[in-house]
Structure formats: structure tokens, C-alpha cells
Amino acid sequence: MLLLFFGMAHAQVSFTPSPISTNGAERAAVDMNGDFLDDVVSVTATNVQIYYQQPDGSFVERNITTTPADNTPSWSLSAADFDKNGKTDLLYAGGNGVTFMQANNSDGFDEISFPQYVFSQRSNFVDINNDGHLDAFVCHDVAPSVYYINNGDGTFTFHQGDIGDYPSGGNYGSVWVDYDNDGDMDCFIAKCNVNGDVNERSENQLYQNDGAGNFVEVAETAGLKDNMQTWSSAWADFDNDGHLDVFVGSSSANFTHKLNRNNGDGTFTDISASTGIHALTTTGIENCTYDFNNDGYADIASNGNILLNNGDLTFTLIPLALPNNNGSLGDLNNDGFIDSFTGGQIYYNDGNSNHWLTINTIGMESNINGIGARITITSALGTQIREVRSGEGFKYMSTLNTHFGLGQDTEIATLTIAWPSGIVDTLENVAVDQVISVVEGSTVLGLNESVTNNLILYPNPVQHVLNLGDTTDFTNPSYSIFDMQGRKLMGARLDANAIDVSTLATGNYILKIQDGNTLKSQRFIKK
């Protein structure tokens, strides 16, 4: 165990490995069945192996046979529920093309493969045109990048060249972020020339979203047109000033890592020399950011090394804290600290006394995962922001849950979620050390909620009878069902853990359960 101390809030970070038996390419730590617990995912061309996390932190293994995939995730995997059926779908980005493994309502997967040749690199699920349906973006190594627009009817429209449009490609590490705080998702592409030549093909690109479906390349104006070899970047508000900064990781010994501070006016300043990041000389392809010690400041994981954020835009290097690929990151024992899965091991975060909060975003008008939502919390520590993203770093898929460290703060004054739809939800006086779920528009409807993992609805989508999980923390509860305009459609005393919803029209609804002390609500889909 590493013996590095930085005071109570800036505590040490260490991990303890625990073996897990995998039978394929280890690619994800993400919720696969809609219970908001991060599961462990490995794949082959004909199998998806999922270790489903249980509320007590244990796992139940399941192997799901698939048709032979035309493309496997040899380069990257991303995950999200693009068809809104409550189950997580997978995107395999392979050396020849793109395959979706669509999770069906029979607990299996249906293959959707696309005919285009794509030498895939990083892939992402994101709502590019902000119509409430998740699209797929895939970096192309040898040609302009591609994306598949979700038409909402089970079909996709292919596009190429608008984003990541250099003729011979060089597109490696895409990440979708709102760098200019205008409420829509922009795209940064880390570029690399594997031949070792430094030329225009390797210049990083930043595409600004104008909110009307148009993307303009602005990296030079922003100060991010670095001509360096890099496969991925890590975006976070490293100084908690409300603007996303970016760590650009070098993949070649010929270049150093860079940390660029967001000036808040659409431009960035290279502050690398004053931050201590140059203590990290190891290079590689995997870079991402989480608050590993829960002190309220986002840290950087770079190829297994952790640059621990000291809270003043300086970083302390913890070498080789994780394996050199970082792995897939998520909370794999439901304790509020970020763990890693890779190499047949789960690396459990040893934790400390710092507090935390995890938020699950459930979109209604926006996409069901809330990808693209910005979450802001304020506490005595100050203000922190996070974004919901699918696909960071280069190869792996990490949690879709949103994680905050709180240091020694014991209450969050406000929690605000700005959804891609423009809806804003605000919760006040939120307790720490818990997992909550927020349904888009729920606070607008007066449904301020604290939904924990034991309020499980199934099946979801539902046709006739909606079953409830454990409701033992209620005393003589009643239930109400609202449509998305806030109209109450059903309500009665809850006498059993099942509600007949067969008379409801097809659509999206919110179920609220309450007694004199507790209120919980959850979204469901009537089919």
C-alpha cells in the first residue's frame, strides 16, 4: 500500500486487487441491467460475459451467447441504452467496421452491423443532434470520422466527415464535452500519427457545437491545436471554477503531457510547467479523470499513474497506482469510491473517511441515460461540476453514473442538473454518502426525490403489471402515477408490490411512492 498523506481531505490513494475470472476482452465497468450498479463486462465475437453487481458488492456471472459479431471491440467499446428499453446496448469499434449489440427484452443481444469500412478508434454514444435519441460517433484512423444518427425507429443514418474531417484520418481519442458552457456538447479529438511524423494529420481538433446542428473546428483559436502524438485526453474542472480544463496525454516520448486551463472565454492557456504534471514522464494511450480520493478535486489517471489534485492546480504523482492501461473505472463494490477492472482483476479503492455522492440520471425529454447532462453541486468546499459521458480515454467504457467527492463536507446545499433538453432540476440540502437517482423534470413536477437502489421497477418497459422491488422502508405507503406534464393519472394505497398499469397509454411516466416520512419516485415506460 502506498504511504502518501496529504491531510484529511487530500488523502492517499491505494488499491487492493481481487481476481475475477473473465473469458474475453475486458472492456467495461457499466450498469447493464438498469439497476444503476456498475457491472463488469468482457466480450468475444460470440459471447458477452457480464458479472452483475449485487447491492452487497458481490457479483453474479452470466454468459450471453451472441451471433458471431462482424466486428469486435478490438479498439474500443462504448455503452448506453440507445433504444430506451431499460437495458444497456454495446458499440463494438473494430478494425474493419462498427457493430451494435442491442440488448433485447429477452435478456439477449441482437447484432446490428453497418456496411461501411471504418478503421475504428475511440467510439462514443452521444445525442449529436439533441433530438432525445442517442447517436454513435466513431473515430476513423485512415479517413474522416463517422457517425450514425439514431432516427428513433430502429434505423440509423450514416454520416462522414463533418466532425474529424481530415482526409487521411488520424482520429484517435474523441470525447464529447461542453467546454464553452453553452448547454450543448462539443467534440475534442486527440490525434496521432503512428508513423512518427509530425504534420497536420496529428493536430488535435476541437469542434464547437453552435446548437443548431453545425460543428465548427476552432482548435487553433482556442489554443488547443497541438501538433503532438496523443491518443486521448482527460477533461474536468480541475480548479473548480466552473469551466472544463483539459489534460492532453502524450503517447510518445518525443512530447510531454500538457495541462490547459480553460479561461472561460473560449480559449485555453498551457499551465503545464507550474502544475507538477511533468513529474510524469511515462507516456501511453489511456487518460481519464475521476476524484479517486473523494477530496472534491478531480484527479488524472494516465496509463496507470495517478496525478493527485492538490486543489490548487498542482498535482502529486502516484506512480503505478493502477495497471498501465487504467482499465474500466466505476464503483464496483457500491462504497462510493472509484475502482478499476482490468487484467482479470478488480482493483478496489481502499478508500478513506472522505464523503461522496453518486447521481444516476434518468432522461425523459433527453436521452434515457442523461448523456450530455451537466451536474453542479455546491457545498462548504465550493462548487463542482461533472458531465455524463459515454466513452472516455481510448479503449475502455467506464461508469455512466456521476460521482462526486466531498472531502469532509456533510451536506450539499444545492444539486443542479442541466439536461440536454434544457430542463433544469434542482435539489436542496442533499445528504452525503448515498446514491440518488434523478428523473428529468422531477423537481419541476414537485417530485424532489431520493431514489435508492432498492426501488427497482420491473419489467421496464412494462405492458401490464409493474412489479416493485423492496419497499420495506415504507409504512402504509400510497402511490401516484404522473405523466410528463405533471398530471396525476392513477393513485391509491399500495397494498402489494405490484401495480396494474395496463390502462395507461403508451408513453413515459413517473411513479411516486410515499408515506408520512419517505418519498421516492422512479421513471417507467409503458409499452
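This is a short tour of the structure, stop by stop, with something to select at each one.

**The whole chain**

Start with everything shown. The model is predicted. Colour by secondary structure: the protein has 1 helix and 42 strands. Its radius of gyration is 22 Å, close to the 24 Å that the globule rule gives for 527 residues, so the protein is as compact as a globular protein of that length. Turn the C-alpha trace along its principal axes. It spans about 70 × 55 × 45 Å.

Now switch on the surface. The accessible surface comes to about 18,300 Å². Carbon and sulfur atoms account for 48% of that surface. Buried residues make up 60% of the 527 residues. Contacts reach along the chain too: among those between residues at least 6 apart in sequence, 51% join residues at least 24 apart.

**Stop one: strand β4**

Hide the surface and select residues 47-53. This is strand β4. How many of its residues are buried? The count is 7 of the 7, so β4 is largely enclosed by the rest of the structure. Show the side chains and look at each face in turn. Asn47, Gln49, Tyr51 and Gln53 lie on one side, and every one of them is buried. Val48, Ile50 and Tyr52 lie on the other side, and they are buried as well.

Add the neighbours. Select residues 39-44 for strand β3, which pairs with β4 in the antiparallel sense over 5 bridges. Only a short link joins them: β3 and β4 form a hairpin with 2 residues between them. Pick out serine 42, which stands opposite glutamine 49 in β4.

Next select residues 59-65, strand β5. β5 also pairs with β4 in the antiparallel sense, here over 7 bridges. Tyrosine 51 stands opposite glutamate 61 in β5. β4 and β5 form a hairpin with 5 residues between them. Stop at glycine 57 in that turn: its phi is positive, about 90 degrees.

**Stop two: the sheet from β6 to β9**

Move along the chain. Here is an open sheet of 4 strands, in the order β6-β7-β8-β9, with antiparallel pairing. Which strands form its edges? Select 76-80 for β6 and 109-113 for β9: each pairs on one side only. Look along the sheet to see the twist, which averages 20 degrees from one strand to the next.

Zoom in on β8 and β9. They run antiparallel and are joined by 5 bridges. Glutamine 102 has aspartate 110 in β9 as its bridge partner.

**Stop three: the sheet from β10 to β13**

Another open sheet of 4 strands comes next, in the order β10-β11-β12-β13, again with antiparallel pairing. Its edge strands are β10 (120-126) and β13 (156-160), and each pairs on one side only. The twist here averages 15 degrees from one strand to the next.

Select β10 together with residues 135-140, strand β11. These two run antiparallel, with 5 bridges between them. Find serine 123, which stands opposite valine 138 in β11.

**Stop four: aromatic rings**

Show the aromatic side chains. A search of the whole structure finds 26 aromatic pairs. Begin with phenylalanine 100 and phenylalanine 125. Their ring centres are 5.8 Å apart and their planes meet at 45 degrees, so the pair is tilted. Phenylalanine 100 lies in β8 (residues 98-103) and phenylalanine 125 in β10, so the pair ties together parts that are 25 residues apart in sequence. Are these two rings' residues buried or exposed? Phenylalanine 100 counts as buried at 0% relative accessibility, and phenylalanine 125 counts as buried at 1%.

Now jump to phenylalanine 188 and tryptophan 235. This aromatic pair is edge-to-face, 5.5 Å centre to centre with 65 degrees between the planes. Phenylalanine 188 lies in strand β15 (residues 186-191) and tryptophan 235 in strand β18 (residues 232-236), so this pair ties together parts that are 47 residues apart in sequence. Both residues are buried.

For the last view, select Phe82, Phe100, Phe114, Phe125, Tyr148, Phe156 and Phe158. Ring pairs link these residues into a cluster. Phe100 and Phe125, from the tilted pair, are among them.

Note on methods:
Residues are numbered from 1 along each chain as its sequence is written. This is a predicted model: local features need pLDDT of at least 70, side-chain atom pairs count only at pLDDT 80 or more; totals for chains, interfaces and linings use all residues. Side-chain values use heavy atoms; hydrogens and water are left out. Two strands pair if DSSP finds at least two bridges between them. Axes are lines fitted to C-alpha atoms, for helices over the stretch in contact, and angles run from 0 to 180 degrees between N-to-C directions. The radius of gyration is taken over C-alpha atoms; the globule rule is 2.2 Å times the number of residues to the power 0.38. Buried means under 20% relative accessible area, exposed over 50%, partly exposed in between (1.4 Å probe, protein chains only). Contact means heavy atoms within 4.5 Å. Accessible areas come from the Shrake-Rupley method with a 1.4 Å probe; for residues, only the protein chains shown count as cover. Rings of Phe, Tyr and Trp (its six-membered ring) pair if their centres lie within 6.5 Å; planes under 30 degrees apart count as stacked, over 60 as edge-to-face and the rest as tilted.
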